[in-house]
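Me: Please take me through one part of this model in detail. I would like to follow the sheet and whatever packs on it, and then see how that part sits in the whole chain.

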Amino acid sequence: MADSLRDQLIKAGLATKSQAKKADKQKNAEANAQRQRKKKPGGKSAAPTQGEKNRQRANKARAVRAERDRALARERNEKAAEKAKLAEIKQLVAKHDQRREKAESDVPYNFLHKKKIKRIYVQPAQLDALSRGALVIVNVDGLYHLVSQAVAKRIEERDPRWIVADASKAEDAPDEAMDDYYKQFEVPDDLDW
């Protein structure tokens, strides 16, 4: 008369038949799950359970979200740095601008900006300084300003696109190239000018 533990608990009134059935179902479910988790003959474990799949998906989504947040933060920082750089340039130009209101004695100065010839009126002393490269033309918000070479270098460090005309950096290469070209032709000795 060896009754199972289940039968003995039911007889003693410590458990009901429905509790016993529930325990059997749970035991069978655990056994099935354990059988599925056993390693396959190739040495690899069985497919991940649904809970593991959900965790993997959640981790992947977190990683994607974190990378997107980092990219957005990087973009915001770049925009803020660009704004700060623009404000510095505007402040430098406003503080060191040497262009004044147009006067009767002003003379025109032509320069090239974006493949177009532009003209501004400057004082004769400024015209000489522009030609020597002591003054530089910068473009801020569509307006041309004259600044010294030292200020132009500070602007160029921040953003070289603002420098429009700098005679100190004018290349003499085309003139030298022309000289080299004409060297191939012999000049006659008896040529009179």
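**A helix, a sheet and their contacts**

Reply: Begin with the buried residues of helix H3, which pack against strands E3 and E4 and helix H5. Three of these H3 residues are worth finding: Ile-89, Leu-92 and Val-93 are buried. Look at how they are spaced. An α-helix has 3.6 residues a turn, so residues three or four places apart point the same way. H3 itself covers residues 50–96, which makes 47 residues. From first C-alpha to last it reaches 69 Å, close to the 69 Å expected at 1.5 Å a residue.

One caution before going on. This is a predicted model. Confidence varies along the chain: helix H3 has the highest, with a mean pLDDT of 90. The lowest is in helix H6, residues 173–182, with a mean of 65. Where pLDDT is low, the predicted coordinates should not be read in detail. Across the chain the average is 81, and 88% of the residues score at least 70.

Now the sheet. It is open and has three strands, in the order E4-E3-E5, with antiparallel pairing. E4 and E5 (163–165) are the edge strands, and each pairs on one side only. From one strand to the next, the twist averages 45°.

Two helices pack on this sheet. Helix H4, residues 124–132, touches E3 and E4. The direction of H4 makes about 95° with that of E3. Helix H5, residues 149–158, touches E3, E4 and E5. The direction of H5 makes about 115° with that of E4.

Next, look at how E3 and E4 are joined. E3 spans residues 135–140 and E4 spans residues 143–148. The two strands run antiparallel, and six bridges join them. Follow two of the pairs. Leu-135 has Ser-148 in E4 as its bridge partner. Val-136 has Val-147 in E4 as its partner. The two strands form a hairpin with two residues between them. In that turn, Asp-141 has a positive phi of about 55°.

Stay on E4 and find His-145, which lies in this strand. Is His-145 buried or exposed? His-145 has a relative accessible area of 15%. Buried means under 20%, so His-145 counts as buried. What does the side chain of His-145 make a polar contact with? The partner is the side chain of Asp-97, at 2.9 Å. Beyond its neighbours within four places in sequence, His-145 is in contact with Val-93, Asp-97, Val-136, Ile-137, Val-138 and Val-140. You have met Val-93 already, as one of the buried residues of H3. So here is a link you can trace by eye: His-145 of E4 touches Val-93. In a regular strand the side chains alternate between the two faces of the sheet.

There is another hairpin, formed by E1 and E2. E1 covers residues 107–113 and E2 covers residues 116–122. These strands run antiparallel, joined by seven bridges. Val-107 has Val-122 in E2 as its bridge partner. Two residues lie between the strands, and Lys-114 in this hairpin takes a positive phi near 55°.

Val-122 ties this hairpin to the part you asked about. Val-122 is in strand E2. With 1% relative accessibility, Val-122 counts as buried. Setting aside residues up to four places away in sequence, Val-122 touches Asp-106, Val-107, Tyr-109, Leu-127, Leu-130 and Leu-146. Among them, Leu-127 and Leu-130 fall in the residue range of H4. Leu-146 falls in the range of E4. Now compare positions along the chain: Val-122 and Gln-98 are 24 residues apart, with their C-alpha atoms separated by 9.7 Å.

For contrast, go to Ser-18, in helix H2, residues 17–37. Ser-18 has 52% relative accessibility, so it counts as exposed. The side chain of Ser-18 makes a polar contact of 3.2 Å with that of Thr-16.

Last, step back to the chain. It has six helices and five strands. From the N terminus on, they run α-α-α-β-β-α-β-β-α-β-α. Of the 193 residues, 19% are buried. Take the contacts between residues at least 6 apart in sequence: 44% of them join residues at least 24 apart.

Conventions: Residues numbered from 1 in each chain as written. Predicted model: local features only at pLDDT ≥ 70, side-chain atom pairs only at ≥ 80, totals over all residues. Heavy atoms only, no water. Pairing = 2+ DSSP bridges. Helix = DSSP H or I, 4+ residues; strand = E, 2+ residues; numbered from the N terminus. Buried < 20%, exposed > 50% of the residue type's maximum accessible area, 1.4 Å probe, protein only. Polar contact = N/O pair within 3.5 Å; in protein donor to acceptor, adjacent residues only side chain to side chain. Axes fitted to C-alpha atoms, helices over the stretch in contact; angles between N-to-C directions. Contact = heavy atoms within 4.5 Å. Expected span 1.5 Å × (residues − 1). pLDDT = per-residue confidence, 0-100.
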